[in-house]
Number of protein chains: 2
Amino acid sequence: MAPHEADDDEPLTLQAVRDSWPAYDDDDRVAAFRSMSRPEAEDFFLDVRAQDQAWILRALRPDERRSWIRLLAPDDVADLLQAIPAEERPAYVALLDETTQKDVAGLLAFAEDDAGGLMHPRYVRIRPDLSVDEAITYLRKAARDKLGTLYYAYVLDAESHLLGVVSLRDLFVATPDKRVRDVMRTEVVVADETMDQEALARLFKQHRLFAVPVVDPERRMKGIVTFDDIGAVLEEEATEDIQKIGGTEALDTPYMRTPFPQMVRKRAGWLAVLFVGELFTASAMSRFEDEIKAATVLSLFIPLIISSGGNSGSQATTLVIRALALGEVTLKDWWRVVRRELASGVVLGLLLAPIGMARILLWQVFRLGDYTDHYVLVSLTVGLSVVGVVTWGTLAGSMLPFLLRRLRLDPASASAPFVATLVDVSGLVIYFTLASLILTGTLL
Amino acid sequence: MAPHEADDDEPLTLQAVRDSWPAYDDDDRVAAFRSMSRPEAEDFFLDVRAQDQAWILRALRPDERRSWIRLLAPDDVADLLQAIPAEERPAYVALLDETTQKDVAGLLAFAEDDAGGLMHPRYVRIRPDLSVDEAITYLRKAARDKLGTLYYAYVLDAESHLLGVVSLRDLFVATPDKRVRDVMRTEVVVADETMDQEALARLFKQHRLFAVPVVDPERRMKGIVTFDDIGAVLEEEATEDIQKIGGTEALDTPYMRTPFPQMVRKRAGWLAVLFVGELFTASAMSRFEDEIKAATVLSLFIPLIISSGGNSGSQATTLVIRALALGEVTLKDWWRVVRRELASGVVLGLLLAPIGMARILLWQVFRLGDYTDHYVLVSLTVGLSVVGVVTWGTLAGSMLPFLLRRLRLDPASASAPFVATLVDVSGLVIYFTLASLILTGTLL
């Protein structure tokens, strides 16, 4: 599919490329990137994700690459390098100036998902005994030299220990006779290098911060993480959770950019596990084959019963997964959640059961179906089974994420399909047990 | 549950309250809030979500409320008021100073989910003919008066039309002989008042912005939206999508804070719809009652077959929902997605089918089950059905979000349970159709 804007050889505008980029295929992307003016292409290059930057660089001729990679700040170069196959990286590192090479080497020592991996190594550091006016002058010079974000300056001692932070606003509103140590804030929210990005995002959200300094265990300053990296983190975490809830491994790449074999692999794994789990329904069913032979009418409601359990379980598990991810609920709340979900399950079951019972009774009365002479008992069996299965599904669905968290696994793995599969087997047992209790002597 | 830190009458620290707040019940919250020192409580109050601020205000005595509500910026007051029952609002508005009352009234005219509802009405506006040094002096004064965010100034003409934007950095690095119009950037990313918050969040992400000006159709400036509101928006949208994917209406409130009747209502609606949909399986099954009577062995694999379709459909629908939400895929890509998912479905089906067939053949050979003398044909029926149902489930699951988007509904409503229910009925038809094709003359 060629980008339709390109049909008439007009150069593409920056906005058009931005809007369509995620949906382009490889050829479209090369064509679109080359079609922009250099300043527009630079703006574009600076804005896209590291994976896309890496992709663009690799699509360019080797001699074209240097000026593009040098547009980037060291932390962005580090992200980009991680998106490039390891064996090709040295060639790209060689394109950088020496200072940046050193910065990048330091950053690459951290995993991309840690605070250390997200941080910028360049920031404005000042000494506590500077006067307010000296500090402003210094910040102004730092801004001109593009040394880092302008809005905060970090106050460090001679050994780089973080003493406090001043914002430009703090300096502006202070009287000129003050020193930095008088106006700096000493209660600074900090992150340590190994803090994972989800925890870091929560920190930004909780304190509504623009930037967070990253420190080592001795409180020596290592760099800063800024807000613009955090929006991306929040989206990435949500995407992972959503994909897991749907019963896939997290793709880690955009849908259309995920190679077909990789996508099938990420889906097939869970699907096979679920399929094997679902094979137990065949074993469960074979235990009830005599009942089915004696009363085929019972088989008509098997899909209805088991799916009611699956659906209510999916609801409960996704609600609890998200509440855990947002910190609304913690491990120690499990008992409160049990009570709440048990009550929900019973109420929901009692709401659904009459619908199912009415369906059976009405169809029988109006001769739309034939549920044997004992249709009232059949209807009762279905009604009670719905209550039992929905209650059990809700309870199991809500507890599974807690169990996974307790085992230090990701609660989002308690996907909707996983819970549905789990509940299917038990749903059959509940249904046929109630059936033999109620129908023995009549149908059975 | 009493917060355990409070057992020994020690005042709670700000950090302790922050960490535990989401999990507290009402009594805990009142106790914790009152236990902090006033400065800590103020920091806390300023940091929490609007719903929590509203809750705190309502828990305070009426005469205590004024100094708390006046801590807030007008846009935050507007958010807070929306979290207060309409009939109580006037009493809270009366606590504000007149300027803020006016600002707030203007803000409340917008829906909370629009750009207009998120915006701050106070920002720094300057004229284009100011000199660079005059502009810096003015910004410094504005910061002292807390007129708005310090980092950008918006350049407006006499009728408030937005001409451009200057950052403090732009002013700092400019030579003093320049005027604002010489250094301002005129290519400004703007939002219009009615832009929904999801689109707005995408704008921030795309351009890595700190603040976006909101303008009316004549490009008159109305206010700004800043980055700190956007992280919350991203999380909120992801939460809504996740809850919908799980088959619930979006709760809009944290799990533990959602009143029980409201939570049951939000879950019962979809559950009842799905239940009614699932009743069609009973109708479908009754058409095949003769086949089941003739060959009960067929009933054993009903849960396996239909859940395979449901699981593969859940995968496909969540992947496509998220790709649509992130803009990785748009409506016009539907045909590429159809081809991709059709291929995925066939491959996944072909991977699963041998597992099911092997299970039947092995159990028969080792006498663990009895699948009649025609067990090879039964196994073939199950295998082909798995391929058919998985392919169909994958295809249906991936198309449903497109269909909903086309109908201007939320694609996330194509929840995992919804797709599973949809596929159950068709899965039964596929299974029994294949069975009668393969088994007529032997078992049937």
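## Exercises on a helix and a two-chain interface

Helix α15 (residues 260-287) of chain A, in this predicted model, has 28 residues and extends 41 Å from its first C-alpha to its last, close to the 40 Å expected at 1.5 Å a residue.

**Exercise 1.** Determine where α15(A) bends and by what angle, and then establish which elements its buried residues pack against.

*Solution.* Begin with the axis of the helix: α15(A) bends by about 25° at A:Ala268. Next, list the buried residues of α15(A), which include A:Ala268 itself together with A:Lys266, A:Arg267, A:Trp270, A:Leu271, A:Leu274, A:Phe275 and A:Glu278. Finally, follow the contacts of the buried residues, which pack against α16 (289-294) and α20 (416-439) of chain A and also against α17 (302-325) and α18 (334-365) of chain B.

**Exercise 2.** Work out how chain A and chain B are related by superposition, and through which surface the copies meet.

*Solution.* Start from the superposition, in which a rotation of 180° with 0.1 Å of shift along its axis places chain A on chain B with an RMSD of 0.2 Å. The two copies are thus related as by a two-fold rotation axis. Turn then to the contacts, where 97 residues of chain A are in contact with 97 residues of chain B. On the side of chain A that touches chain B, these residues divide into 52 nonpolar, 26 polar and 19 charged. Because 100% of the interface residues of chain A are also interface residues in chain B, the copies meet through the same surface.

**Exercise 3.** State how chain A is divided into domains, and give the distance between the C-alpha centres of domain 1 and domain 2 of chain A.

*Solution.* The assignment for chain A gives domain 1 (4-110), domain 2 (125-244) and domain 3 (255-439). The C-alpha centres of domain 1 and domain 2 of chain A are 28 Å apart.

Notes: Residues numbered from 1 in each chain as written. Chains lettered and ligands numbered in written order. Predicted model: local features only at pLDDT ≥ 70, side-chain atom pairs only at ≥ 80, totals over all residues. Domains from an automatic or database assignment. Least-squares fit on C-alpha atoms with pLDDT ≥ 70 in both. Contact = placed C-beta atoms within 7 Å. Nonpolar A, V, L, I, M, F, W, Y, C, P; charged D, E, K, R; others polar. Helix = DSSP H or I, 4+ residues; strand = E, 2+ residues; numbered from the N terminus. Expected span 1.5 Å × (residues − 1). Bend = angle between axes of the 7 residues up to and from the residue. Buried ≥ 20, exposed ≤ 12 C-beta atoms within 10 Å, placed from the backbone.
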